[in-house]
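This report looks at how charged side chains pair and how strands line up. Please keep the structure in view while reading.

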Amino acid sequence: MNMELSRRQFMAGASAGLAGTTLGALGFGETEQAFALAIRPFKLTNSTETRNTCTYCSVACGIIMYSLGDGAKNAQPAVLHIEGDPDHPVNRGTLCPKGAGLLDFVNSESRTKYPLYRAPGSDHWERKSWDWTLDRIARLLKDDRDKNFVAKNADGVTVNRWLTTGFLGASATTNETAFVTYKVVRSTGALVFDNQARV
């Protein structure tokens, strides 16, 4: 059966349907109860929200991490969801594919969670504290600088350079932090310095 619909009939039918669904959405009728029954509990209801920065590249996008647990008894809180931070001025809530996959990175069994040290000649790694690790790094840097610092070149010109150790700056830092890092490294006389953001 061929039924033709005039423009006026179409507009009248569409308007009636729009009015009916609008009234239902505003709470008139049984539609409101159907919506209420269809909503499941939000999975992030009891989680802790923590703002952070994505660690993958120099863009430094803002992220929000949702976790359960309080970290008691040296246990890490379980991170169950990560999303872009809509209030962050860099990414405004968006994430690239690597940032969108941060949850797998954070919860990976092979992720390094604490300093590991392998002594010269050893065949295994030892877990060390952050204090021990930072003290050892500082000691090795100081010893190397004392041994290899060049105050003057062969012509007697003051150069104040240290060429035997190089530094690589982190990418997920602010411009201000990168500037301070640059100043600290250059103040030691180190010439071999780059930032991962440029690599």
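In this predicted model, the side chains of Asp-85 and Arg-51 come together in a salt bridge, with 3.0 Å from N to O. Asp-85 belongs to the loop between strand 3 and helix 3 (97–100), whereas Arg-51 belongs to strand 1, so the pair ties together parts that are 34 residues apart in sequence. The two partners can also be described by their cover: Asp-85 is buried, with a relative accessible area of 4%, while Arg-51, at 46% relative accessibility, counts as partly exposed. Side chains of opposite charge can pair when their charged atoms come close. Asp-85 and Arg-51 also take part in a network of salt bridges that links them with Glu-49 and Asp-87, and a search of the whole structure finds 6 salt bridges.

Two further salt bridges, Asp-143 with Arg-139 and Lys-142 with Asp-146, involve residues of helix 5. Asp-143 and Arg-139 both lie in this helix (residues 130–148), 4 residues apart, which is about one turn of the helix. Lys-142 and Asp-146 are likewise separated by about one helical turn, because they stand 4 residues apart in helix 5. As for their cover, Asp-143 counts as partly exposed at 37% relative accessibility, and Arg-139 is partly exposed with a relative accessible area of 46%; Lys-142 is partly exposed at 42%, and Asp-146 is partly exposed at 47%.

The following table lists the pairs described here.

| Salt bridge | N to O distance |
|---|---|
| Asp-85 and Arg-51 | 3.0 Å |
| Asp-143 and Arg-139 | 3.0 Å |
| Lys-142 and Asp-146 | 2.7 Å |

Arg-51 also leads to the strands, for it stands opposite Ile-64 in strand 2. Strand 1 (residues 48–53) and strand 2 run antiparallel and are joined by 6 bridges. Strand 2 is joined in turn to strand 3 (residues 78–84) by 6 bridges, and these two strands run antiparallel; here Ile-63 stands opposite Gly-84 in strand 3. Is strand 2 mostly covered or mostly open? Strand 2 (residues 62–68) is mostly covered, with 6 of its 7 residues buried.

A last feature lies on the surface, where Leu-5, Phe-10 and Met-11 make a nonpolar patch of about 330 Å². Among these residues, Leu-5 is found in the segment before helix 1 (7–25), and because its relative accessibility is 51%, Leu-5 counts as exposed, the cut-off for that class being over 50%.

How values were computed:
Residues numbered from 1 in each chain as written. Predicted model: local features only at pLDDT ≥ 70, side-chain atom pairs only at ≥ 80, totals over all residues. Heavy atoms only, no water. Buried < 20%, exposed > 50% of the residue type's maximum accessible area, 1.4 Å probe, protein only. Pairing = 2+ DSSP bridges. Patch = residues over 30% accessible without salt bridge, like charges linked within 9 Å, V, L, I, M, F, W, Y side chains within 5 Å. Areas by Shrake-Rupley, 256 points an atom, 1.4 Å probe, with all protein chains shown as cover. Salt bridge = Lys/Arg side-chain N within 4 Å of Asp/Glu carboxyl O.
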